[in-house]
Amino acid sequence: MKPTIEELMLQIISTAVIIALQGKWHASVFLHGKYGSLDVYVCEAESGEKRSHSGAYFSHHEGWGGFTPDQSAEHCLQSLKFQLAWIQGYLDMPAAPVLEAAA
């Protein structure tokens, strides 16, 4: 069954919360209702460096980009799926590379 736009948004937001609770990364989520977009920012918790961003649309105005309503909804679904896969990559990613000791 295909997830709904709302389900994907909830998964993205809850993943950001889990990442922030792990303590290695800060994750911030910005919902822009007027523009129909969801932006996620991730940076290292210690230094605040290595900031990454992913933006996705969850809604388009009718006729946006010349899309039909069905094409627009599909575009939003694909955008959110990509964003979810991107943020899930931070779940097990160390904040700094682990250096192995030379033998």
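Me: Why is Tyr41 called partly exposed?
Reply: Its relative accessible area is 24% in this predicted model. Buried would need under 20% and exposed over 50%, so Tyr41, at 24%, falls in between and gets the middle label.

Me: And what makes Phe30 partly exposed?
Reply: Same reasoning: Phe30 comes out at 40%. That value sits between the 20% and 50% cut-offs, so partly exposed it is.

Me: How do you know how the rings of Phe30 and Tyr41 are arranged?
Reply: Look at the distance and then the angle. The ring centres are 5.7 Å apart, within the 6.5 Å limit, so the rings count as a pair. Their planes meet at 80°, and anything over 60 is edge-to-face, so that's the label here. It's one of 3 aromatic pairs in the structure.

Me: What makes you say that this pair links distant parts of the chain?
Reply: Phe30 belongs to strand β1 (residues 25-32) and Tyr41 to strand β2, with the two 11 residues apart.

Me: Why are Trp86 and Tyr90 called edge-to-face?
Reply: Their ring centres lie 5.4 Å apart, which is inside the 6.5 Å limit, and their planes are at 70°, which is over 60, so both tests are passed. Ring pairs also bring in Trp25, giving a cluster of Trp25, Trp86 and Tyr90.

Me: Trp86 and Tyr90: which is buried, and which is partly exposed?
Reply: Tyr90 is the buried one, because its 7% is under 20%. Trp86 has 21%, so it misses that cut-off and counts as partly exposed.

Me: How do you know whether Cys43 is buried or exposed?
Reply: Cys43 has 17% relative accessibility, which is under 20%, so it's buried. Cys76, at 2%, is buried as well. As for disulfides, the structure holds 0.

Me: What makes β1 and β2 paired strands?
Reply: Pairing takes at least two bridges, and β1 and β2 have 8, so they qualify; the sense is antiparallel. One spot to look at is His26, which stands opposite Cys43 in β2. The two strands form a hairpin with 4 residues between them, and Gly36 in that turn has a positive phi of about 65°.

Me: How do you know that β2 pairs with β3 too?
Reply: There are 6 bridges between β2 and β3 (residues 52-57), against a required two, so that's a pair, again antiparallel. Among the residues involved, Asp39 has Gly55 in β3 as its bridge partner.

Me: Why is β2 called mostly covered?
Reply: Count its residues: 7 of the 8 are buried. For the chain, 29% of its 103 residues count as buried.

Me: Which elements supply the largest nonpolar core with at least two residues each?
Reply: That core has 18 residues, and Ile5, Met9, Ile12, Leu38, Phe58, Leu80 and Ile87 have the most contacts inside it. The elements are α1 (5-22), β2 (37-44) and α2 (69-88). The largest share, 6 residues, comes from α1. Ile87 shows the meeting of parts nicely: leaving aside residues up to four places away, it touches Ile12, Thr15, Ala16, Ile19 and Val40.

Me: What is the pattern along the sequence?
Reply: It reads α-β-β-β-α, from 2 helices and 3 strands. Of the contacts between residues at least 6 apart in sequence, 49% join residues at least 24 apart.

Technical notes: Residues numbered from 1 in each chain as written. Predicted model: local features only at pLDDT ≥ 70, side-chain atom pairs only at ≥ 80, totals over all residues. Heavy atoms only, no water. Disulfide = S-S within 2.5 Å. Buried < 20%, exposed > 50% of the residue type's maximum accessible area, 1.4 Å probe, protein only. Contact = heavy atoms within 4.5 Å. Core = buried A, V, L, I, M, F, W, Y, C linked by side-chain atoms within 4.5 Å. Phe/Tyr/Trp six-rings, centres within 6.5 Å; stacked < 30°, edge-to-face > 60°.
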